[in-house]
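Please open the model in your viewer and keep the selection tool at hand. The stops below go from one selection to the next.

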Amino acid sequence: RPPAAYRREGRYYPLLLDGREALSAWAHVREINLPGGKSRAAAGQRTAGIAPAKQSDLAELVQLAKARVDGFPGWEENEFRSSMGTALSEGRVWRISANGCLWGAVSVCGQTGTIAFLGVRPPLSITGTGKMLVDFLEREICPGTSLSLTTFRRGDRADAGWRDSWERLGFAEAELLEEYGYPTQRLVREPRRERL
């Protein structure tokens, strides 16, 4: 289960981890070199700890999404459950886990490079665990293809810091959109031969 957190003014603030959660997080960091560490996998090899998700992971993926949506407009649990179930059956979802616990997951829409969902459990971050998942997509699943996602527009007060995290991962502004009647923006990360 994710560490306890409370929400104030639209943002989540993590509380202290109990001993079991801290040990589990540390084991995860040691096992797959997270967060913030470089992957031990050589180019062209599967990243340690990342594996295809299974239908049996659906309940955990829904819980992960609930913990990470941060008020994103239009998010509906039943719709997410249905679309994630389809993505799982089509083999478009990958997960990072350690000690039997799901720590992060990503799903893409076909071969278009569109990230439909990316979430990581606290205390890990998008720029740590999420970076591994994005780099994995770029290198192994969609090589030579731009990756894209939809997020809050610049200056949106509902944004809990996601946009800045995506920009630190190399995503740049693209077209303005409206989804579920809410103003959003597509961000794109162009493929590169090497990334730090």
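In which sense do strand 7 and strand 9 pair, and over how many bridges? Select residues 147–152 and residues 182–189: these are strand 7 and strand 9, and they pair in the antiparallel sense over 6 bridges, where helices (H or I, at least four residues) and strands (E, at least two) are DSSP runs numbered from the N terminus, and two strands pair if DSSP finds at least two bridges between them. Within this pairing, Leu149 has Leu187 of strand 9 as its bridge partner.

Before going further, note that this is a predicted model, in which local features need pLDDT of at least 70 and side-chain atom pairs count only at pLDDT 80 or more, while totals for chains, interfaces and linings use all residues. Residues are numbered from 1 along each chain as its sequence is written, and side-chain values use heavy atoms, with hydrogens and water left out.

Next, add residues 172–179, which form strand 8 and run antiparallel to strand 9, joined to it by 6 bridges. Leu177 stands opposite Thr184 of strand 9, and in the hairpin of these two strands, with 2 residues between them, Tyr180 takes a positive phi near 55 degrees.

Now select Trp162, Trp166 and Phe171, which ring pairs link into a cluster; rings of Phe, Tyr and Trp (its six-membered ring) pair if their centres lie within 6.5 Å, and planes under 30 degrees apart count as stacked, over 60 as edge-to-face and the rest as tilted. The whole structure has 4 aromatic pairs. In the pair of Trp166 and Phe171 the ring centres are 5.9 Å apart and the planes at 75 degrees, so this pair is edge-to-face. Both Trp166 and Phe171 are buried, that is, under 20% relative accessible area (exposed is over 50%, partly exposed in between; 1.4 Å probe, protein chains only).

Trp166 and Phe171 are also among the residues with the most contacts inside the largest nonpolar core, which has 27 residues; such a core is a set of buried Ala, Val, Leu, Ile, Met, Phe, Trp, Tyr and Cys residues joined through side-chain atoms within 4.5 Å. Its largest share, 7 residues, comes from helix 4. Select Leu137 and, leaving aside neighbours within four places in sequence, look for its contacts (heavy atoms within 4.5 Å), including Trp94, Ile115 and Cys142.

Finally, select Cys142, which is buried with a relative accessible area of 1%, and Cys101, which counts as buried at 14%.
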